[in-house]
Structure formats: C-alpha cells, structure tokens
Amino acid sequence: MEVSSLQVERKSTRKISVGNVEVGGDSPITVQSMTITKTADVEGTLQQIYALAAAGADIVRCTCNETEAAEGLAQIVPRSPVPIIADIHHQYKMAMAAMEAGVQGLRLNPGNIRRPEHIKIVASEARDRNLPIRIGVNAGSLDPALYEKYGGATPEAMVESAKQEIAYFEDVGFDLIKISVKASSVPLMVEAYRQLSEVTEYPLHLGVTEAGPPPAGLIKATAGIATLLLEGIGDTIRYSLTADPVEEARAGRQLLEALGLRERKNVDLIACPSCGRAEVDVIDVANRAMEAFSDRKLPLQIAVMGCVVNGPGEARDADLGIAAGNKRGHLFVKGQNVAVVPENEMVDQLVEWAEFINEHGVDAALDRVDLVKAAREAEKDRARLLDEQGADANHTSEKIVEIRKTTTG
Ligand code: SF4
C-alpha cells in the first residue's frame, strides 16, 4: 500500500474564518508568519507580506503597537494577498484602532492586557464586526498572579490563562476564538497544548515561541509542532524563527507537505546521503538542484542519487531522478531510465524534465524517448562501475573480516 499521508485523526474543533481563510474544523491546517518591518512602512511591509504569501503563508500578522502602525494597516489590508491579523500587546486601544483599519483578525496577549473591562470592550467590538481573536498565551508573559499560584510557567498556568480570557469573551457573547499556549520549551508547550485541547473546542494555533535561529530553531519548532499535529492537535501553525520570516513560512509549508497534511505545491527533493560509491559530489548537486527548484512550483518528488548502481532502484518511487554515473548522469522517471546526460548538464536536464512532467504527466515523459535504448545506455555505465568497484564499494565485507579477527583473536 502506498502511504503518502499519515492517517491522523484530528481532534474536532470549531471552524472560524480569518478573512477568506478558514481555520479549524475540517479545513486544511494553515501556515502563519509575521512581518518584521515597521507596520507604518506600508510599502516595505506589503513587500514582505507578498514574499511570505509566495513562500506558503496563508495568514500574516503585523504588529499594531502605535497609531502610525494602525494607519499603516488601513493601507496594507486592502492591498494584501492574504488576511492580516494585528498583534496587540499592552494597549487595548490599538486593538480598536486595528479593527477600524480593517484587519481580518486580532491577537491579544492575555498576560499584557489584563483589565477585564478592556478585554470585554475589544471582544464586543470584534463580535459586532464578526472578527476572530486569537488568545495568544505566552509562558514568558503570564499574569504574575498565575506564576505565583502555580509556582512558575506550568502547563496548568498557561491553560488557566487561556480559560480566564475565554470566560471574558464568552461573557459578552463572543466566540470567534482561537488559542495558542506557546513556550520556548518544547516539552512545556507540548504539554500545555495537550491539556488545552482536552478542555476546549476552539481551534488551536501551534508554535514554539522564540525558537531561535535555524537550524536549532527549526528543529525545536518542528519537534513541538509536528508532535502535536501527529496527535491530531492543531489547526494553524507558526514557526517563530530568528531569521528572514520567509524561512518561517517556507518551513511551515514544508512541514505540512511532509506530513501529508497539505497538498504538495513544491518539489520534494530527496537525495541519498552519499557513500563510497558516489560518483559525484552529491551534496553539491543536491544543493544546486534545490536552488534551481526553489522558485518553481512543481508538485513532484525528485531524487538526486550518488551512483547508478543503487540510485534508480532506491528512488524508484520518485517522479523523476538523476543518478551519477561515470561523468554522466542517468535520468530516470518512476525508476525507468530515460536519458544519459553529461555531468555538467545534470541539474539543467532535471529542471527540463520536471517541467515537462508537470505539464504533460509521467506517461508522456516515458513516451518521449526510446526506453529500450535508454536502458541499454544506462546499463553500460552500471556494469562498468560494478566491474570497477564490485558490489561492495564501501569494502564492508573486508572490514567485517577484520572486526571478527579483532574480537575473536
Ligand atoms: S549506494 Fe549510491 S545511491 Fe546509495 S548512498 Fe551510496 S552513492 Fe548514494
């Protein structure tokens, strides 16, 4: 059986709409990111929003921390390709201003806006405008009373913070809610979301906050977000990286595609780790291929393999692949050799074939060449390599003999 997506049973949540993007219920899990420009810089912010949308963000958040930012939002929202959420911290009036500016949603940090009357004014206005609000709990900025009650930022303290805010919202009949309980500690955020998902049906926004620069930040964020998604928890995600936010959007999108939770839009590049049998610098070819495909929206799996002996077989499920031969690359489609090309043309040829397959399909690609001739040509290189290197290019059997001598001697 071909398994292309993990069978995850999602916890049932309510569905809300952020502009024209649905979050929760049976809607696809969405990717969010946040601009790092000054929101008052309308052109700069819009440029970043477009870049984020192109990299896979479905929803973008902008800070609304001053009047100029709210005025900027009034110009940004009508020109944005994706819904805009205003990020609000200490001043509830900024939430009111952002709604006036036309944003499609708000994020409030309950640790930073604590007066119930202010929270209720914002929630009532959002209710009247039919706008969703995310309750964005952060382990680092809880109400001091909760730290005291629980002896620190525990999962229970974070869940209670969310529940208190929900109660204020529900008091004024507002229920277009989504919630996050982020922490920079992966175990803490995982446990907080698990507990939260037991007590609420509002959709959840997942994230590991202040994850840091890649690669460590990517690993932390992926560990937390993927763990929860595989338990069926989470309706929308954000990577918080100390990096160009385009990296966040790309990572979010790639994670969902890798888990089979979103339809593939981009190339899934697989590559062998290389070994003593490799005929080319696999890392270099894979990086060049990655670069060549980075801006092309081709929903294909493409393999870069270091040798023709094992490469085509090991990557037979890929739509397209290349395996390095003796100064030549063997192109294969669904494991079948279709062409042998000079080493310096390998990446260009991969791109050309990928675009052809994307446009015309795998069968048409197989039809455009003489498969028997291509297989014969490829077999010549393969046989020569086997002849030169033998079946054990890494000399494993010799090593095993030596190991046995050492351990039994
Ligand atoms: S045997 Fe070939 S395909 Fe497999 S890791 Fe080594 S070079 Fe790559």
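# Questions about a predicted model

Visitor: With 19 C-beta neighbours inside 10 Å, how is Ser-274 classed: buried, exposed or partly exposed?
Guide: The model is predicted. A residue needs 20 or more such neighbours to be buried and 12 or fewer to be exposed. Ser-274 has 19 C-beta neighbours inside 10 Å, so Ser-274 counts as partly exposed.

Visitor: What is the value of phi at Ser-274?
Guide: Ser-274 sits in the loop between β11 (268-271) and α10 (282-293). Its phi is positive although the residue is not glycine, with a value near 75°.

Visitor: Which class does Asn-130 fall into, buried or exposed?
Guide: Asn-130 also has a positive phi without being glycine, here near 60°. Its place is the loop between α4 (116-129) and β7 (133-138). There are 9 other C-beta atoms within 10 Å of Asn-130, and the limit for this class is 12 or fewer, so Asn-130 is exposed.

Visitor: In which element is Ile-400, and how is the residue classed?
Guide: Ile-400 belongs to helix α15 (residues 396-408). It has 11 C-beta neighbours inside 10 Å, and 12 or fewer is the cut-off, so Ile-400 in α15 counts as exposed.

Visitor: How far apart in space are Ile-400 and Ile-302?
Guide: In sequence, Ile-400 and Ile-302 are separated by 98 residues. From C-alpha to C-alpha, the distance between Ile-400 and Ile-302 is 34 Å.

Visitor: What form does the peptide bond from Pro-214 to Pro-215 take?
Guide: Pro-215 lies in the loop between β9 (205-206) and α8 (216-230). The bond leading to Pro-215 from Pro-214 has omega near 0°, and its form is cis.

Visitor: What percentage of the residues in the protein chain are buried?
Guide: The chain has 15 helices and 15 strands, and its C-alpha atoms fill a box of roughly 80 × 60 × 35 Å along the principal axes. Of the 409 residues in the chain, the buried share is 46%.

Visitor: Which helix gives the largest share of the largest nonpolar core?
Guide: The largest nonpolar core has 80 residues, and Cys-64, Leu-73, Ala-98 and Leu-106 are among those with the most contacts inside it. Seven residues of this core come from one helix, the largest share, and that helix is α3 (residues 92-101).

Visitor: How many residues are in the other core, which includes Val-267?
Guide: This other core lies apart from the largest one. Cys-307, Val-333 and Val-341 are also among its members, and its number of residues is 40.

Visitor: Which residues does Leu-106 touch, leaving out those up to four places away in sequence?
Guide: Leu-106 is one of the residues with the most contacts inside the largest core. Apart from those up to four places away in sequence, it touches Ile-85, Ala-86, Ile-88, Ala-95, Ala-98, Ala-126, Leu-131 and Ile-133.

Visitor: How do α2 and α3 lie relative to each other, roughly parallel or roughly antiparallel?
Guide: Helix α2 (residues 67-76) packs against α3 at an angle of about 20°, and their axes are 8 Å apart. Their crossing is right-handed. Angles under 35 degrees count as roughly parallel, and α2 and α3 are therefore roughly parallel.

Visitor: How many nonpolar, polar and charged residues are in the contact of α2 with α3?
Guide: From α2, the contact takes Thr-67, Ala-70, Leu-73 and Ala-74. From α3 come Met-94, Ala-97, Ala-98 and Ala-101. By class, the residues are seven nonpolar, one polar and no charged.

Terms used:
Residues numbered from 1 in each chain as written. Predicted model: local features only at pLDDT ≥ 70, side-chain atom pairs only at ≥ 80, totals over all residues. Core = buried A, V, L, I, M, F, W, Y, C linked by C-beta atoms within 7 Å. Helix = DSSP H or I, 4+ residues; strand = E, 2+ residues; numbered from the N terminus. Contact = placed C-beta atoms within 7 Å. Axes fitted to C-alpha atoms, helices over the stretch in contact; angles between N-to-C directions. Parallel < 35°, antiparallel > 145°, perpendicular 65-115°, else oblique. Left-handed = near helix turned anticlockwise from the far one by under 90°. Nonpolar A, V, L, I, M, F, W, Y, C, P; charged D, E, K, R; others polar.
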